[in-house]
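I am opening a notebook on a structure that is new to me, and I want to write down what I look up in the order in which I look it up.

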Amino acid sequence: MDNLMKEAALYEKIDKDRVRCNLCAHHCVITDGKLGVCHVRKNLNGTLFTLVYGRTISQHVDPIEKKPLYHFYPGTSSYSIATSGCNFRCRWCQNWDIAQMPREHGLISGSEASPEQIVSGALASGCRSIAYTYTEPTIFFEYAYNTARLAHEAGIANVYVTNGYMTSDMLEAFHPYLDAANVDLKAFREKTYHRYVGAGLKPVLESMKVMKRLGIWLEVTTLVIPG
Ligand code: SF4
């Protein structure tokens, strides 16, 4: 077994062969040997594994305004990480190559980096926060969670740059360590979401309400595509 595989959080066993992942609003029911919609969570003999734990496809120091967050420690840098994979399939995605790599190519690549190494990198580069970004951080929740806990111990804040399609269970589990989020609200109609993204709008709106209730600093981005 791949030594980076780790048992997933937030799933339930339905029967001997099937599990239900409750990390995002797809709530994938996954049979033995199969993957969820994101293609980075796999059922092996009735246990759900994350395939991207500790495997970064991107690590950069970015201005927090590039996330974009304009009212959360403005003028500071954010240590920005991602793994491959996404639970959406936006036709306009600018990070398609890494977001859809597992789905399109059956490939999960990247460099090994432990949560400790990520936090050390953030400290060494003088970052005020760590951003879980570029792809959809919900799908690498376990990795983000363990990194975020260590980040708080080191006095570093945590930021999610997200499509907002996570479950309230995920937010409830993460919120002691999640300080801010930018939700990319991609459209205002259900049919637009279903047509261009492969998911629904309602769970995204619900997530934003839950974030507010939990006291997570929230900023919202809406992409405008000319033409
Ligand atoms: S994270 Fe979402 S898309 Fe991936 S397996 Fe879980 S429910 Fe499915």
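The entries below go from the domains to the sheets, and then to the spaces and the backbone details.

**Entry 1, domains.** I note at the start that this is a predicted model. I looked up how the chain is divided, and the domain assignment gives domain 1 as residues 6-50 and domain 2 as residues 55-221. I then asked how far apart the centres of domain 1 and domain 2 lie. Taken over C-alpha atoms, the two centres are separated by 21 Å. For the contact between them, I found that 17 residues of domain 1 touch 20 residues of domain 2.

**Entry 2, the sheet of three strands.** I looked up an open sheet of three strands, which has the order β2-β3-β4 and antiparallel pairing. Its edge strands are β2 (11-13) and β4, and each of them pairs on one side only. Between β2 and β3 (residues 19-21) I found three bridges in the antiparallel sense, and I wrote down that Y11 has C21 in β3 as its bridge partner.

**Entry 3, a residue in a loop.** After β4 (29-30) I followed the chain into the loop that leads to β5 (41-44), where H39 is found. The phi angle of H39 is near 65°, which is a positive value in a residue other than glycine.

**Entry 4, the cavity.** I asked how many cavities of 30 Å³ or more a search of the whole structure finds. The search finds one, and I noted a volume of about 90 Å³ for the largest cavity. The lining of this cavity is made by 13 residues, and those nearest its centre are C21, C24, C28, C38 and R41. C21 was already in my notes as the partner of Y11. When I sorted the lining of the cavity by class, I had eight nonpolar residues, four polar ones and one charged one.

**Entry 5, the sheet of six strands.** I moved on to an open sheet of six strands, with the order β8-β9-β11-β12-β13-β14 and mixed pairing. Why is one side of β8 and of β14 left without a neighbour in the sheet? β8 (58-63) and β14 (217-221) stand at the edges and have a single partner strand each, so one side of each has no neighbour there. On average, and with direction ignored, neighbouring strands of this sheet are turned by 20° against each other.

Within this sheet I looked at β12 (residues 157-162) and β13 (residues 180-184), which pair in the parallel sense over four bridges. V161 stands opposite N182 in β13. I also noted helix α4 (residues 141-153), which lies across β9 (77-82), β11 (129-132) and β12, and which runs at about 155° to β12.

**Entry 6, a cis peptide bond.** In the loop between β8 and β9 I came to P68. The bond that joins K67 and P68 is a cis peptide bond, with omega at about 0°.

**Entry 7, the largest pocket.** I looked up the largest pocket last, and I noted that it holds about 640 Å³ of space. Which residues lie closest to its centre? They are Q94, N95, Y134, D184 and K186, out of 26 residues that line the pocket. The paired strands of Entry 5 return here, as β12 and β13 each supply at least two residues of the lining. By class, I wrote down ten nonpolar, ten polar and six charged residues for the lining of this pocket.

Definitions and conventions. Residues numbered from 1 in each chain as written. Predicted model: local features only at pLDDT ≥ 70, side-chain atom pairs only at ≥ 80, totals over all residues. Heavy atoms only, no water. Pairing = 2+ DSSP bridges. Axes fitted to C-alpha atoms, helices over the stretch in contact; angles between N-to-C directions. Contact = heavy atoms within 4.5 Å. 1 Å grid on protein atoms, 1.4 Å probe; cavity = no way out; pocket = protein on both sides within 12 Å on 5 of 7 lines; lining within 4 Å. Points joined across faces, edges and corners; volume = space filled by probe spheres on them. Nonpolar A, V, L, I, M, F, W, Y, C, P; charged D, E, K, R; others polar. Domains from an automatic or database assignment.
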